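The following exercises ask the reader to work from the atoms to a description of the fold. Each task is followed by a solution in steps.

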Amino acid sequence: MEPFKRFLCLGCGFLYDEALGLPEQGFPPGTRWADIPDDWVCPDCGTPKRLFEMVEIEYAPGQPVA
Amino acid sequence: MQSFVLRAADRGYGRYVSTGPTSSYISGHPESVLTRHSSFNFHEYQEGRAGFGRIRVFGEEIFSGLGCGYNMHPHHNFIICAFVLRGCLTHINTLGKVDEVKAGDYYVFSAGSGGKHAELNIAGEDLRVIYIWFLPGKLLLPPSYRRTHFDAAASRNRLARLVGAPDGVLPIDQDVRVSRLVTDVAGTHVYRPRSGAHGTLCLRHRRRCPLRGRVSRPPGQHGAVGH
């Protein structure tokens, strides 16, 4: 299986982690970025999906908090 | 080695007013105006460069009008630095800090696992500030806020490290440094990146002479941002 990826909103820094999904918006853990609708926007600042950047940055110790 | 030159006039430009559709985004008395020159792609401006190294946002902004600024809004992860060139910035954050950041002052706000801030020009005299956003070294770090002052007189004609290890005044959770040089004499100053893998972004700013007809040469300013 391809490793899960992380995407950062370039408008505010909101993080979407494929491993965690976004259950409160109906995207269960494991939801791939490609399966997030193109018209989805950052839940914090409204930045469109296309203005997220994939990042390969490790979590700080103790994160993510489940 | 790759290099590029970005001229001031080639940056993205945005003008936002505190009334109408942007009234919840932009604070301030009616008809307050916030202008932003973006060196890299940001919000509506997407025709330029994506960033430089760990830098994603580089904005030169002017807040004009009583209370003009950004209303309280959320961030994660980005390390946001503000360098006040003129006026007074009132910074309020959800770490419990209400700060007055005046000309020469600067702060490093690491949003980490989540924080909000408001950026306001309470006094109304035009506020001029440079914002730089860095990607963090780690995701969801504990949020933090640190601020200090750059003493232009004490650091005159000397390249001073403002941000970044090992000898920067303010630490930062990223492999970057920010330095500043204020000089009024011709000369050579050497900035050495830490390694061949580190790049250097140099911002050159020539201060306009504040007094018309003054004969003396206006001082120039240079800033260097390494990563």
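**Exercise 1. A salt bridge between two loops**

Is B:Asp184 buried, partly exposed or exposed? Identify its salt-bridge partner and locate both residues.

*Solution.* The model is a predicted one.
Step 1. The relative accessibility of B:Asp184 is 26%. Buried requires under 20% and exposed over 50%, so B:Asp184 counts as partly exposed.
Step 2. The side chain of B:Asp184 meets that of B:Arg156 in a salt bridge, with an N to O distance of 1.8 Å.
Step 3. B:Asp184 belongs to the loop between strands S14 (177-183) and S15 (200-206) of chain B, and B:Arg156 to the loop between S12 and S13 (160-163). The pair therefore ties together parts that are 28 residues apart in sequence.

**Exercise 2. Salt bridges between strands**

Determine which strands of chain B are tied together by the pairs B:Glu60 with B:Arg128 and B:Arg147 with B:Asp105.

*Solution.* Step 1. Over all chains, the structure holds 13 salt bridges. In one of them, B:Glu60 and B:Arg128 meet through their side chains at 2.5 Å, N to O.
Step 2. B:Glu60 lies in strand S4 and B:Arg128 in strand S11 of chain B, so this pair links parts 68 residues apart in sequence. Both residues are buried.
Step 3. B:Arg147 forms a salt bridge with B:Asp105, with the closest N and O atoms 3.2 Å apart. Because B:Arg147 is in strand S12 (residues 144-149) and B:Asp105 in strand S9 of chain B, parts 42 residues apart in sequence are tied together.
Step 4. B:Arg147 is partly exposed at 29% relative accessibility, whereas B:Asp105 is buried, with a relative accessible area of 8%.
Step 5. Shared partners join B:Arg11, B:Glu60 and B:Arg128 into one salt-bridge network.

**Exercise 3. The setting of strand S10**

Why is strand S10 of chain B described as largely enclosed by the rest of the structure, and with which strands does S10(B) pair?

*Solution.* Step 1. Strand S10 of chain B covers residues 115-121, and 6 of its 7 residues are buried, so it is largely enclosed by the rest of the structure.
Step 2. S5(B) and S10(B) run antiparallel and are joined by 6 bridges. Here B:Tyr70 has B:Glu119 in S10(B) as its bridge partner.
Step 3. Strand S7 (residues 88-93) of chain B also pairs with S10(B) in the antiparallel sense, over 4 bridges. In this pairing, B:Thr90 is matched with B:Leu120 of S10(B).

**Exercise 4. Nonpolar cores**

Describe the largest nonpolar core and state which strand supplies its largest share.

*Solution.* Step 1. The largest nonpolar core has 29 residues, and B:Leu34, B:Phe63, B:Leu89 and B:Tyr107 are among those with the most contacts inside it.
Step 2. In chain B, strands S4, S5, S6, S9 and S11 each supply at least two residues of this core. S11(B) gives the largest share, 4 residues.
Step 3. Setting aside neighbours within four places in sequence, B:Leu89 has contacts that include B:Phe63, B:Val84, B:Tyr107, B:Leu120 and B:Tyr131.
Step 4. A second, separate core has 23 residues, including B:Val108, B:Ile130, B:Ile132 and B:Val178.

**Exercise 5. The form of chain A**

What is the secondary-structure pattern of chain A, and what does its radius of gyration indicate?

*Solution.* Step 1. Chain A has 0 helices and 3 strands, which gives the pattern β-β-β along the sequence.
Step 2. A compact globule of 66 residues would have a radius of gyration near 11 Å, and the 11 Å of chain A agrees.
Step 3. Buried residues account for 42% of the 66 residues in chain A.

Key. Residues are numbered from 1 along each chain as its sequence is written. Chains are lettered from A and ligands numbered from 1 in the order in which they are written. This is a predicted model: local features need pLDDT of at least 70, side-chain atom pairs count only at pLDDT 80 or more; totals for chains, interfaces and linings use all residues. Side-chain values use heavy atoms; hydrogens and water are left out. A nonpolar core is a set of buried Ala, Val, Leu, Ile, Met, Phe, Trp, Tyr and Cys residues joined through side-chain atoms within 4.5 Å. Buried means under 20% relative accessible area, exposed over 50%, partly exposed in between (1.4 Å probe, protein chains only). Contact means heavy atoms within 4.5 Å. Two strands pair if DSSP finds at least two bridges between them. A salt bridge is a side-chain nitrogen of Lys or Arg within 4 Å of a carboxyl oxygen of Asp or Glu. The radius of gyration is taken over C-alpha atoms; the globule rule is 2.2 Å times the number of residues to the power 0.38.
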